[in-house]
Structure formats: structure tokens, C-alpha cells
Amino acid sequence: MRVLLSNDDGYRAEGLQALERALLGQAEIMIVAPERNHSGASNSLTLFEPLRITQLGKNRWYCSGTPTDCVHIAITGLLPVDPHMVFSGINHGPNLGDDVLYSGTVAAAMEARVLDIPAVAVSVAGYPPRNFESASRAVSELFERLSRSKPPGNMLLNVNVPDLPWKEIRGFKLTRLGHRHKAARVRVSDDPYGGKLYWMGLPGHGLDAGPDTDFHALGDGWISVTPLQCDLTDHQRLEAAGDWLRR
């Protein structure tokens, strides 16, 4: 089986190396990852300037663009054959709830889903993470299950692994996305050359974090597995929005 690996932390990231170790000997591995860290890049595509691809070795490249650029270029022009599956990660830090809207890790996997290739985004919930080997083992077990039963092309999973030794992890749990409190206010400091510098505030803690959410599972020592979709339509509010529009 051919598997494309990418990430948003850059091609030198320890998490990407851990992801590759997890799949060595189980799949034909191809890597197309960003040249530098693109955390928070979401689904951005580079449309109005060319991208540079640099080959590092057999089936290994880095790209001057975003995580989405990497996967898009890999599948639509760089690779001689399509991968059967895409794994993105292993991200340095969690991607829970609202994080998936900003995450470059999830975006890389989502681009594969848009191109009809099943994909998995994997994150380890520590910053900086200490237990990449636990995340690697989680990837290996997930891949083995997916290999036994071919996943549909529209499958997209968001996986978060507790930053714990493997023996302390309770297993896999199917979850839904939770929801965070509002992020902290920006931090402002003085620019030594005049003016102000603005740093994004830290993300909020779990607000909707009940027993069926990714927040709760992770906090309870489980690996959360959340199926995602690309359809952002709020189907529950379609009728109410229609009534409001008619008024």
C-alpha cells in the first residue's frame, strides 16, 4: 500500500519522523512536507505565486508552500501514482474541537479527502510532546486496521493521542468534536523599533467537553478518533434560516 505523509510542522519535525517510523515496513512511504512550520495555516492554498519543490531523496520532498499545497501538488502532479491513503502529522500539540478549523495538520488530511483519498490527521496532546512513541504505536495500530478493511475515499479521521507512555493509554474511543471557550486576549508588547507587537492569545479550555467529546476522551486517557466531513452546512438550522430569510 502506498501512503503519503505530510504535516504542518515542517519536514524536519520530530513528529513527522515518528510518523514515518510507525509505518516503516508496512507501506510504501512517500513524503511531501512544508519547508518550514505552518501551524495555524488551515486550508490555505498558494494561488498567485509559484511553489518550489526540493527532493531530499527517494520519495522524499519538501515544498515552499502550505500543508494543503504539499498534498495538492503531490496528488495532482508530483507523484507518478496516487497514494492509497494520506497520514498527516504527528502534530506537536493537540487538535481538538474548534482547532480543526485552524490546523494545518487537519488541512493536509482534508485536502486528500477533497481529492477522494482517505486520510488521517494525528496529533499528540503535549507541547512540547514527550511521548511520540505512543503516537507512533497508535498510528501503526490504526493503519493495520485500515489495511484489513479498505476505507472509503471520503474518510477523514482526526486522531488525538494523550501525551502518556503507551501502557497508561486506555485505548481508542470514537468521539465528536467538542468546543472551546473563547481564546485569551492578544498580548501586546513594545517593538524596539517603535510601534507595538501583537501575539495571539492562548486557545480557550474546553467548554463543550462532555463524555462523548474529544476533549473528554483525551483527558481520560483515551485516544480520540473523530470522523470529520468537509460539508460546513448547518443542517439543523436550515429550516429556521429559511423562515428568517422569507420574513
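These are my notebook entries on a predicted model, taken one topic at a time.

**Entry 1: the sheet**

I began with the strands. Nine of them make an open sheet with mixed pairing, in the order β3-β4-β2-β1-β5-β6-β7-β13-β8. Which strands sit at the edges? β3 (53–57) and β8 (171–174) do, since each pairs on one side only. From one strand to the next I get an average twist of 20 degrees.

I then looked at β1 and β2. These two run parallel and are joined by four bridges. One pair I noted is Arg2, whose bridge partner in β2 is Glu28. Is β1 enclosed or open to the outside? Four of its five residues are buried, so β1 is largely enclosed by the rest of the structure.

**Entry 2: the β3 edge**

At this edge, β3 pairs with β4 (residues 60–63) in the antiparallel sense, over four bridges. The two strands form a hairpin with two residues between them. Asn59 sits in the turn and has a positive phi of about 60 degrees. I looked up two cross-strand partners: Gln55 stands opposite Trp61, and Ile53 has Cys63 as its bridge partner in β4.

Arg52 is in the loop between β2 and β3. Buried or exposed? With a relative accessible area of 67%, Arg52 is exposed. Leaving out residues up to four places away in sequence, Arg52 touches Tyr62, Cys63 and Ser64. I also checked Arg52 against Glu35: they are 17 residues apart along the chain, and their C-alpha atoms are separated by 9.6 Å.

**Entry 3: helices**

Helix α1 (residues 14–23) lies across β1 (2–6), β2 (28–34), β4 and β5 (85–92). The angle I have for α1 against β5 is about 135 degrees.

In α2 (residues 67–78), the buried residues are Pro67, Thr68, Asp69, Cys70, Val71, Ala74 and Ile75. What do the buried residues of α2 pack against? They pack against β1, β2, β4, β5 and α3.

For α4 (residues 132–148) I ran a length check. At 1.5 Å a residue, its 17 residues should span 24 Å, and the end C-alpha atoms are 25 Å apart, which agrees. The buried list for α4 is Phe132, Ser134, Ala135, Ser136, Ala138, Val139, Leu142, Phe143 and Leu146. I see both serines and nonpolar residues in that list.

**Entry 4: nonpolar cores**

The largest nonpolar core has 33 residues, and Leu5, Phe87, Ile90 and Val159 touch the most other members. At least two residues each come from β1, α1, β2, β5, β6 (119–124), α4, β7 (156–161) and β13 (222–227). Which element gives the largest share? That is α4, with seven residues.

I pulled the contacts of Leu5, setting aside neighbours within four places in sequence. They are Leu16, Leu19, Glu20, Leu23, Ile29, Met30, Ile31, Val32 and Phe87. One of these, Phe87, is also among the residues with the most core partners.

There is a second, separate core of 22 residues, and it includes Trp61, Cys63, Ala112 and Ile117. Trp61 is familiar from Entry 2, where I had it opposite Gln55.

**Entry 5: cysteines**

How many disulfides are there? Taking sulfur pairs within 2.5 Å as the cut-off, the count is zero. For Cys63, the nearest cysteine sulfur is that of Cys70, 4.2 Å away, and Cys63 is in no disulfide. Cys63 is buried, at 0% relative accessible area.

Cys230 is another story. Why does Cys230 have no bond to Cys70? The sulfur of Cys70 is the closest cysteine sulfur to that of Cys230, but at 18 Å it is too far for a bond. I get 29% relative accessibility for Cys230, so Cys230 counts as partly exposed.

**Entry 6: Asp99**

Last lookup. Where is Asp99? I find Asp99 in the loop between β5 and α3 (104–114). Buried or exposed? Its relative accessible area is 12%; the cut-off for buried is under 20%, so Asp99 is buried. Apart from neighbours within four places in sequence, Asp99 is in contact with Pro94 and Arg180.

Key:
Residues numbered from 1 in each chain as written. Predicted model: local features only at pLDDT ≥ 70, side-chain atom pairs only at ≥ 80, totals over all residues. Heavy atoms only, no water. Pairing = 2+ DSSP bridges. Axes fitted to C-alpha atoms, helices over the stretch in contact; angles between N-to-C directions. Contact = heavy atoms within 4.5 Å. Expected span 1.5 Å × (residues − 1). Buried < 20%, exposed > 50% of the residue type's maximum accessible area, 1.4 Å probe, protein only. Core = buried A, V, L, I, M, F, W, Y, C linked by side-chain atoms within 4.5 Å.
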